[in-house]
Amino acid sequence: MSVFPIYRPRRLRANENLRRLVRETSLSIDDLIYPMFVVHGRDTAIEITSMPGCYQYSVDRLVSAAKELVSLGIPGTILFGIPETKDPLGLEAYAEDGIIQQAVRAIKDAIPDLLVMTDVCLCEYTDHGHCGIIEGGEVQNDPTLDLLVKESVSHAQAGADVIAPSDMMDGRVGAIRDALDDEGYENIPIMAYSAKYASAFYGPFREAAESAPQFGDRRSYQMDPANSEEGLREVALDIEEGADIVMVKPALSYLDVIHQVKTEFQMPVAAYNVSGEYAMIKAAAQNGWVDEKRVALEVLTSIKRAGADMILTYFAKSVVEWLEN
């Protein structure tokens with residue numbers, strides 16, 4: 001008589017086809033959103049030092065990069081703009097000829113079927129690098145809402161498919177929803193950065209978007225990394241105000257929050273595999289310390305397993321190649 005239990009888990013791990021049949025979580029091209037950065041100029045593609053393989057594109061080169069996404073089958077992109085000049089109110093964020101507005105129109109003219117999401121915030125556009133109006137050295141919540149509303153409407157007018165406010169001002173989802181509806185854009189979804197943490201993982205992004213704060217930090221409006229219950233409250237508020245998709249950012253250190261959000265609300269959940277997470281894997285792989293493909297796919301699968309329905313990731317183009325091969 002065998003001393004082993006009747007059920008032996010290893011039976012279903014014996015070969016790849018068995019493992020495929022019992023695999024509980026599958027990462028798909030359909031899950032991916034590719035972030036891109038756009039700058040003024042022509043025929044420009046500047047590689048971001050801390051994010052190998054990622055670039056600041058001029059609008060013409062951005063359209064070419066967007067066409068590549070379509071050829072790969074990636075459903076959408078989210079755009080971040082770098083203005084020519086910055087000022088205290090971030091005027092280019094909501095200007096008709098702002099860099100994002102130009103980029104959206106160009107992409108939608110060339111490839112209308114690509115889903116174009118736009119990040120709505122002020123930090124890239126302000127000379128102080130904060131996400132709102134500054135008075136007395138503090139970010140002012142309610143006056144900032146007016147500028148975020150103007151930015152959102154201008155993106156919708158340019159042709160954006162999804163508006164994604166990332167500023168973490170209280171009440172901004174409701175204000176943006178009301179304004180979009182009033183302007184006839186009631187069918188444009190809002191993907192809210194709902195649980196966005198004041199994370200150390202954003203460093204490379206601040207180089208990419210040229211958005212580092214010039215004084216202080218963002219802990220008075222982005223969330224404390226120690227808090228998960230607060231994240232659920234933030235998500236609940238955004239849903240109540242009209243968010244169609246809720247996001248947790250970053251992803252890797254907040255898998256528990258992603259899971260709690262999905263379980264609690266049963267809403268479409270986005271997770272942002274942020275620049276620092278990308279850069280760490282890239283740097284370790286370049287030094288021969290890890291296998292980039294295996295580590296990246298493991299990380300992204302863990303984000304999906306936690307409950308994310310869609311993942312914003314700089315690995316998106318590589319993932320297509322890896323999954324197809």
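Arg219 is exposed, with a relative accessible area of 63%, and its salt-bridge partner is Asp217, with the closest N and O atoms 2.8 Å apart. Asp217 itself is partly exposed, at a relative accessible area of 34%. Keep in mind as you read on that this is a predicted model. Arg219 will come up again, as it is among the residues closest to the centre of the second largest pocket.

**Salt bridges**

- The structure holds 14 salt bridges, and a few of them are worth a look here.
- Salt bridges with shared partners bring Glu16, Arg19 and Arg23 together in one network.
- Arg172 takes part in a salt bridge with Asp167, at 3.4 Å from N to O.
- Arg172 also forms a salt bridge with Asp238, where the closest N and O atoms are 3.3 Å apart.
- The Asp238–Arg172 pair ties together distant parts of the chain: Asp238 belongs to helix α7 (residues 229–241) and Arg172 to helix α5 (residues 172–182), with their positions 66 residues apart.
- Are the residues of these two bridges buried or exposed? Asp167 and Arg172 are both buried, and Asp238 is buried too.

**Pockets**

- The largest pocket encloses about 660 Å³ of space.
- Its lining is made up of 20 residues, and those nearest the centre are Arg23, Thr25, Leu297, Glu298 and Thr301. You have already met Arg23, as part of the network with Glu16 and Arg19.
- Three elements each give two or more residues to this lining: α1 (16–22), α10 (292–306) and α11 (316–324).
- Helix α10 provides the largest share, with seven residues.
- By residue type, the lining of the largest pocket divides into nine nonpolar, three polar and eight charged residues.
- The second largest pocket has a volume of about 200 Å³.
- This second pocket is lined by 15 residues, and Met168, Arg219, Ser220, Tyr221 and Gln222 are the closest to its centre.
- Seven nonpolar, three polar and five charged residues make up the lining of the second largest pocket.

**Aromatic pairs and charges over rings**

- Across the whole structure there are eleven aromatic pairs.
- In one of these, the rings of Tyr55 and Tyr57 have centres 5.7 Å apart and planes at 35°, so the pair counts as tilted.
- How do the two partners compare in accessibility: is each buried, partly exposed or exposed? Tyr55 is partly exposed, with a relative accessible area of 27%, whereas Tyr57 is buried, with 9%.
- Ring pairs also connect Phe37, Phe80, Tyr193, Phe205, Tyr272, Tyr278, Tyr314, Phe315 and Trp322 in a cluster.
- Two members of that cluster, Phe205 and Tyr272, are worth viewing together with Lys249. Lys249 lies over the face of Phe205, 5.3 Å from the ring centre.
- The charged end of Lys249 also sits over the ring of Tyr272, at 4.6 Å from its centre.

**Backbone features**

- Which residue shares a cis peptide bond with Lys249? The partner is Pro250, and omega of the bond is about -10°.
- Pro250 is part of the loop between β10 (245–249) and α8 (255–265).
- Met168 is not a glycine, yet its phi is positive, at about 70°.
- The loop between β8 (162–165) and α5 is where Met168 lies.
- Met168 is buried, with a relative accessible area of 4%, and it is also one of the residues closest to the centre of the second largest pocket.
- Gln266 is another residue other than glycine with a positive phi, in this case near 50°.
- Gln266 is placed in the loop between α8 and β11 (269–273).
- With a relative accessibility of 58%, Gln266 counts as exposed, whereas Met168 is buried.

Definitions and conventions
Residues are numbered from 1 along each chain as its sequence is written. This is a predicted model: local features need pLDDT of at least 70, side-chain atom pairs count only at pLDDT 80 or more; totals for chains, interfaces and linings use all residues. Side-chain values use heavy atoms; hydrogens and water are left out. Rings of Phe, Tyr and Trp (its six-membered ring) pair if their centres lie within 6.5 Å; planes under 30 degrees apart count as stacked, over 60 as edge-to-face and the rest as tilted. Buried means under 20% relative accessible area, exposed over 50%, partly exposed in between (1.4 Å probe, protein chains only). A charge sits over a ring if NZ of Lys or CZ of Arg is within 6 Å of the ring centre and within 35 degrees of the ring normal. On a 1 Å grid over the protein atoms alone, a cavity is a set of points where a 1.4 Å probe fits but cannot get out, and a pocket is an open set with protein on both sides within 12 Å along at least five of seven lines; lining residues have an atom within 4 Å of a point. Grid points are joined across faces, edges and corners, and a volume is the space filled by probe spheres set on the points. Helices (H or I, at least four residues) and strands (E, at least two) are DSSP runs, numbered from the N terminus. Ala, Val, Leu, Ile, Met, Phe, Trp, Tyr, Cys and Pro count as nonpolar, Asp, Glu, Lys and Arg as charged, and the others, Gly among them, as polar. A salt bridge is a side-chain nitrogen of Lys or Arg within 4 Å of a carboxyl oxygen of Asp or Glu.
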